[in-house]
Amino acid sequence: MREPIRSRRRVLLLLTALALIVAACGADGTGTPTTTVAPTTEPPTPTTVAPTTVPPTTAPVTTTSTPPDLPGEPIDFGPAAGDVLGVVAVAHDDVLNFRAAPGTDQEILGTLPPLTDDLVATGNARQLPQSIWYELTWQGVTGWASAAFLAYLGGTDDTTSQLIDILGETPETETMTELGLLIAETLASTDPPSRIRLSVAPTVGDLGEVTYDVVGLGDDSVMGIRLHVFGTPSESGEGFVLKTVEQTLLCARGVTDGGICV
C-alpha cells in the first residue's frame, strides 16, 4: 500500500516541475526569458533630417537704426559738387554753425570762423520754409550750413578812386572802424537793405586795416562785396585818412576763372 503512494508523489512532483519550465519559456518559443514591463507613454524617436534654411514667419528684427529723413525739400540749384565756397557776412567775434542736417535746431558738428574759404560743396541743397542750406565738406567732416552765409569768392580790385568819386572827397574819420563803416554804407544797397558785418576787427600800426562784408545788393549774380579798407594816421594823429579800398566780389551762383560772378 505504501509504494503506490510514493509513486503518485513522484508523478505529482514531475508534473509540477514541467509546469514551471513551461512558464519560464518566452512567447516566441526560443526559450529565452522575457521581462514584461508596464507600457509607458514615450515620445516617438525623431527622424534625423538634413537641416534646411527656412525663412522666418515674422519680420526680422532691425539691429541698426535708420536715420530720419532730412528736413526740408531737395532743390536742384546751388553749388555743384566740388565747388569751393567761403563764409561771408559773419561778424569777427562770431562763427557760422556747421550742422549735421539742415536747420537751426540740428546738432552742431563744428563752427566756421569768419573768412573761412575752403568749404567744398557736395552738390546737395535743401530748402526749408525760410532758408536754404548747402551740404559741404570741411576739414574731413561733412555737414550743412546756411546759404545766407556762403558765397563764391570772386576777383579783387582796387576801387579807391571810384569810391572817392562817389564821396566827392577823401574821407577821414576818428577810428578805422568808423572809416570802414563809412565805406561799407556808401556801397551798400538800400532797396533791398544790405547786411553789413565787421568781419575782421581793425588793427592799427603804420597803417590801419579793417574788413567789412556787405551782402544783399539785389543782384542775382553778385551776392555782395568784401571791403578791405586801409587808412593812414591823420596829420593831427587823432584819426585816419582813407588810403586804399580793395573790393572782393562775393558771388551767388558761381565764378569764372577770371573772378567774375556768373
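The torsion about the S-S bond of Cys251 and Cys261 is about -75 degrees, so this disulfide is left-handed. The two sulfur atoms are 1.9 Å apart. Cys251 belongs to strand β13 and Cys261 to the segment after β13, so the bond ties together parts that are 10 residues apart in sequence. Both cysteines are buried. The structure holds 1 disulfide. The model is a predicted one, and every value given here is computed from it.

Strand β13 also has a place in the account of the nonpolar interior. The largest nonpolar core has 36 residues, and within this core Leu136, Leu150, Leu227 and Val229 touch the most other members. Strand β13, which spans residues 240-251, supplies the largest share of this core, with 5 residues. A second, separate core has 6 residues, among them Val88, Ala151, Val215 and Met223.

Leu150 can be followed further through its contacts. Leaving out residues up to four places away in sequence, Leu150 touches Leu85, Gly86, Val88, Leu96, Leu119, Tyr134, Leu136, Ala145 and Met223. Two of these partners, Val88 and Met223, are included in the second core, while Leu136 is named with Leu150 in the largest one.

The next stop is strand β11, which contains Val214. Val214 has a relative accessibility of 0% and therefore counts as buried, the cut-off being under 20%. Apart from neighbours within four places in sequence, Val214 is in contact with Ala184, Ala188, Ser194, Arg195, Ile196, Met223, Gly224, Ile225 and Leu227. The C-alpha atoms of Val214 and Arg197 are separated by 6.6 Å, although these residues are 17 residues apart along the chain.

Strand β11 also carries one partner of a charged pair. Side chains of opposite charge can pair when their charged atoms come close. Here the side chains of Asp213 and Arg226 meet in a salt bridge, with 2.7 Å from N to O. Asp213 lies in strand β11 (residues 208-215) and Arg226 in strand β12 (residues 222-233), so the pair links distant parts of the chain, 13 residues apart. Asp213 is buried because its relative accessible area is 1%. Arg226, at 11%, is buried as well. The structure holds 1 salt bridge.

Aromatic side chains are the next topic. A pair of aromatic rings is described by the distance of the centres and the angle of the planes. Searching the whole structure gives 1 aromatic pair. This pair is formed by Phe98 and Trp138, with 6.3 Å centre to centre and 85 degrees between the planes, an edge-to-face arrangement. Phe98 is in strand β3 (residues 96-99) and Trp138 in strand β6 (residues 131-138), and the pair links parts of the chain that are 40 residues apart. Both Phe98 and Trp138 are buried. Another ring, that of Phe149, has a charged side chain over its face: Arg195 lies there, at 5.0 Å from the ring centre. Arg195 is also one of the contacts of Val214.

Several loops hold backbone features that can be checked in the model. The peptide bond from Asp191 to Pro192 is cis, with omega near 0 degrees. Pro192 is found in the loop between α3 (176-187) and β10 (195-204).

Two residues other than glycine have a positive phi. For Ala89 the value is near 60 degrees, and for Leu115 it is about 70 degrees. Ala89 sits in the loop between β2 (84-87) and β3, whereas Leu115 sits in the loop between β4 (108-112) and β5 (119-128). Are these loop residues buried or exposed? Ala89 is buried, because its relative accessible area is 1%. Leu115 has 31% relative accessibility and so counts as partly exposed.

The last residue to look at is Thr160, in helix α2 (residues 160-167). Thr160 has a relative accessible area of 10% and is therefore buried. Not counting residues up to four places away in sequence, Thr160 touches Leu242, Lys243, Thr244 and Val245. This returns the reader to strand β13, which covers residues 240-251 and includes Cys251 of the disulfide.

Technical notes: Residues numbered from 1 in each chain as written. Predicted model: local features only at pLDDT ≥ 70, side-chain atom pairs only at ≥ 80, totals over all residues. Heavy atoms only, no water. Helix = DSSP H or I, 4+ residues; strand = E, 2+ residues; numbered from the N terminus. Buried < 20%, exposed > 50% of the residue type's maximum accessible area, 1.4 Å probe, protein only. Contact = heavy atoms within 4.5 Å. Core = buried A, V, L, I, M, F, W, Y, C linked by side-chain atoms within 4.5 Å. Salt bridge = Lys/Arg side-chain N within 4 Å of Asp/Glu carboxyl O. Disulfide = S-S within 2.5 Å. Phe/Tyr/Trp six-rings, centres within 6.5 Å; stacked < 30°, edge-to-face > 60°. Lys NZ or Arg CZ within 6 Å of the ring centre and 35° of its normal.
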